[in-house]
Amino acid sequence: MPPGFATEVFLVERPERELLPERPWTLVGDQHLRGAWARAGMPEPAHALWVTVPEEEKKLPTVIPWLERWATVPLHREATVVALGGGVLTDLTGLAASLYLRGVAWQVWPTTLLAMADAALGGKTGADLAAGKNLVGAFHFPRRLVACTDFLASLPARHLQNGRWELVKTAMIQGEMAWAMEMLKDGPTKLNWVEWALAFKAGVVHRDPRESGERRLLNLGHTLGHALEAASGYQLLHGEAVGLGLLGACLMAEEQGLKPFPARFLDPLVRRLAPLAPLVAPWRDCLALLARDKKATRASGHTEDTPATEIQCILPRPNEPAVQRALPPQAWESPHARLLSLLHQESLRA
Ligand SMILES: NC(=O)c1ccc[n+]([C@@H]2O[C@H](COP(=O)([O-])OP(=O)(O)OC[C@H]3O[C@@H](n4cnc5c(N)ncnc54)[C@H](O)[C@@H]3O)[C@@H](O)[C@H]2O)c1
């Protein structure tokens, strides 16, 4: 990790009690992990909260009872909150920790591959509003991140693949085609991929904690991805939507005159994504969402004939780092159409 980075990072096989905070501390844990936590001999504070929070409940009302509980314990300013779960639980717990007494310390123990490779690192906490995902939140860096790979044993296969897409994204941001292609193959997730993704993200976040420049690169695949995720009514998981967004970004890069990705890269990418074709929403549904993208800004030099908004988009390049381009939402129509056609061709072929 970069020297002076706000979060200490541990990637271990088994949970270790020595990595828990000094007392006083409390826990918000995913109910799915309660047995594994106990079997590993991990302690449980008397006022621990074991919860199940589906993506639809990643909302402010979900954390109010947690805050009320902490206030009655009572949890004091010097206490540390430990979040044990996937990205939904860790985003919400981090947000609650940032709100309670105007901010108490927290640790994050991610238990999904997506949270280990991406969501748990970087200090972004949040909740959804009716108007969109993660529209409310705070930057609140956890003191420590502890990723225990043994927890992945109980994670359903769909969620393992979901997290794999964030790893592919990390490789593509850096133009690391060989890594990305390795990750597109069947087979177990390698520990060094997670280590490498965490180290890369930590470096970027350290240099640009508030996303004013370089950190935007981490949004590769997220422009079209977020629109597809929301337009599917969240039937697409976040990582799956990012995977589709990565293909869309490759096609967009080519349309913008950047070096095209070779078939030996695009073919396996399309093959992995083809089963998601039925969840890809039509263009008109995506356009409305793209225009409301959080990264959309009013276009400079806007006239009545030019689009009112442009989005900071990240475009990948084979064997070179990704680049930023400001593009109008409408520019995504053609990559969206090509993406759908490639997925359908692959589905017919398979
Ligand atoms: N803060 C960030 O920078 C950031 C970055 C990317 C994504 N996110 C957020 O992450 C969220 C998605 O996170 P996710 O993919 O981890 O999904 P999730 O948190 O919904 O977890 C997926 C499912 O797996 C269960 N689960 C968790 N760990 C398990 C385990 N070890 N064994 C069995 N079941 C387990 C959960 O209860 C849930 O049902 C989204 O809300 C997204 O916005 C945040």
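**View 1. Four elements of secondary structure contribute to the shell around the ligand.** In this predicted model, the helices α3 (87-99), α4 (113-119) and α5 (157-173), together with the strand β7 (132-139), each supply at least two residues of the shell around the ligand. When the residues of this shell are sorted by character, they divide into 6 nonpolar, 10 polar and 8 charged. Of the 24 residues around the ligand, those that come nearest are D30, G87, T111, T112 and S154.

**View 2. The ligand lies between two domains.** Domain 1 (8-154) gives residues to the shell around the ligand, and domain 2 (158-188 + 208-349) does so too, which is why the ligand is described as lying between them.

**View 3. Backbone and side-chain atoms of the protein approach polar atoms of the ligand.** A backbone N or O atom of G87 lies 2.8 Å from an oxygen atom of the ligand, whereas in T112 a polar side-chain atom is found 2.6 Å from an oxygen atom of the ligand. D91 also takes part through its side chain, where an N or O atom is 2.9 Å from a nitrogen atom of the ligand. On its own the ligand has 870 Å² of accessible area, and the protein covers 89% of this.

**View 4. The side chain of K58 meets the side chain of D91.** K58 is found in the loop that runs between β3 (49-51) and α2 (60-72). Is this residue buried or exposed? With a relative accessibility of 3%, K58 counts as buried, because the limit for that term is under 20%. The side chains of K58 and D91 are joined by a polar contact of 2.8 Å, and the side chain of D91 also has an N or O atom 2.9 Å from a nitrogen atom of the ligand.

**View 5. The cysteines C250 and C286 are buried.** How many disulfides does the model contain? The count comes to 0 disulfides, where a pair of cysteine sulfur atoms would have to lie within 2.5 Å to be included. For C250, the closest cysteine sulfur is that of C313, and because the distance is 14 Å, the two are too far apart for a bond. For C286, the closest cysteine sulfur is likewise in C313, at 14 Å, and this too is too far for a bond. C250 counts as buried because its relative accessibility is 3%, and C286 is buried with a relative accessible area of 0%.

Technical notes. Residues numbered from 1 in each chain as written. Predicted model: local features only at pLDDT ≥ 70, side-chain atom pairs only at ≥ 80, totals over all residues. Heavy atoms only, no water. Near = heavy atom within 4 Å. Polar contact = N/O pair within 3.5 Å; in protein donor to acceptor, adjacent residues only side chain to side chain. Areas by Shrake-Rupley, 256 points an atom, 1.4 Å probe, with all protein chains shown as cover. Nonpolar A, V, L, I, M, F, W, Y, C, P; charged D, E, K, R; others polar. Domains from an automatic or database assignment. Buried < 20%, exposed > 50% of the residue type's maximum accessible area, 1.4 Å probe, protein only.
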